Amino acid sequence: MGASIKDIIRDSLEPRGLSGGDVFLIIKAAEILIKEDDMTIAPKLSDFTKSEIKEVLNEIRHPFSMAVWGIENAFNLGAIIRTSNAFLADKIYAVDTDGYYPKACMGMDKYENIIAISIMDFVLMAKDRNVVGCEKRPDIKSESLYSFKHPEHPIFLFGSEKTGIPNELLEVCKFVVTIPMYGLINDLNVALASGIVMYDWLNKNYNKGR
Ligand SMILES: C[S@@+](CC[C@H](N)C(=O)[O-])C[C@H]1O[C@@H](n2cnc3c(N)ncnc32)[C@H](O)[C@@H]1O
């Protein structure tokens with residue numbers, strides 16, 4: 001057999017030119033090409049291990065990371081993992097956060113780079129990074145997400161459902177952004193808020209398409 005599907009995918013990828021969805025289309029296309037090439041054995045996506053697929057995804061991830069602190073609702077963390085895969089975040093830092101609900105991930109936890117980390121280690125790791133605290137509190141000065149210019153390779157940080165981002169973590173935030181809200185309720189569900197922020201990053205970086 002000639003080139004493996006993985007080689008074909010690699011050759012087809014232009015750096016940063018394709019989304020994860022495209023990769024899967026290429027895998028499918030490669031299967032068809034190989035079939036048309038009269039190969040007796042056509043490799044299938046299922047012939048590749050999860051780590052091989054993850055390796056390919058890692059080559060085209062977007063330069064932003066996610067971080068959540070103290071998430072109490074395991075479904076929320078699962079939903080954040082699922083959305084992080086949809087938008088191809090490069091990493092998800094689970095800071096002092098217990099497990100996630102696997103069903104809410106729709107299996108995407110197997111493909112994502114999830115890093116369980118203590119608050120102390122996160123503070124050390126993130127001190128030279130562009131940490132963007134995503135928070136809405138009257139006592140914290142923040143910029144509106146509408147006009148926010150995303151810094152290079154941000155880490156978007158979110159707080160717990162009950163208490164939000166703790167002060168120790170606010171201290172490592174170089175920026176704080178708020179999603180403007182107009183109704184009666186004070187804040188958004190954390191999984192929803194994280195999806196809006198990721199989408200804003202994509203919209204501002206790829207609004208002309210890829
Ligand atoms: C349910 S909120 C926490 C509210 C918490 N009771 C407080 O007073 O801070 C959970 C997390 O979602 C994010 N969040 C919710 N609404 C937001 C908004 N409008 N803008 C930015 N982040 C938001 C923040 O990261 C927040 O820590």
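Trainee: In this predicted model, which strands does helix H6 (residues 119–126) lie across?

Mentor: Helix H6 runs at about 140 degrees to S2. Besides S2, the strands that H6 lies across are S1, S3, strand S4 (130–134) and strand S6 (154–158).

Trainee: Which strands stand at the edges of the sheet?

Mentor: The sheet is open, has 7 strands with parallel pairing, and follows the order S3-S2-S1-S6-S4-S7-S5. Two of its strands have a single partner strand each, so one side of each is left without a neighbour in the sheet. These edge strands are S3 (114–117) and S5 (143–144).

Trainee: Which residue of S3 is the bridge partner of Ile92?

Mentor: Strand S2 covers residues 89–95 and pairs with S3 in the parallel sense over 4 bridges. In S3, the bridge partner of Ile92 is Ile114.

Trainee: At what angle does helix H4 run to S2?

Mentor: Helix H4 comprises residues 74–86 and lies across strand S1 (62–69), S2 and S3. Its angle to S2 is about 165 degrees.

Trainee: Are H4 and H8 roughly parallel or roughly antiparallel to each other?

Mentor: The axes of H4 and helix H8 (residues 190–206) come within 8 Å and cross at roughly 15 degrees. Angles under 35 degrees count as roughly parallel. The two helices, H4 and H8, are therefore roughly parallel.

Trainee: How many charged residues does the contact of H4 with H8 include?

Mentor: In H4, Asn76, Ala79, Ile80 and Thr83 meet Val190, Ala191, Ser194, Gly195 and Met198 of H8. The residues of this contact divide into 5 nonpolar and 4 polar, and the number of charged ones is none.

Trainee: Which residues come nearest to the ligand?

Mentor: The shell around the ligand holds 8 nonpolar, 4 polar and 6 charged residues. Of the 18 residues around the ligand, those that come nearest are Phe158, Gly159, Gly164, Asp187 and Ala193.

Methods. Residues numbered from 1 in each chain as written. Predicted model: local features only at pLDDT ≥ 70, side-chain atom pairs only at ≥ 80, totals over all residues. Near = placed C-beta within 6 Å. Nonpolar A, V, L, I, M, F, W, Y, C, P; charged D, E, K, R; others polar. Pairing = 2+ DSSP bridges. Contact = placed C-beta atoms within 7 Å. Axes fitted to C-alpha atoms, helices over the stretch in contact; angles between N-to-C directions. Parallel < 35°, antiparallel > 145°, perpendicular 65-115°, else oblique.
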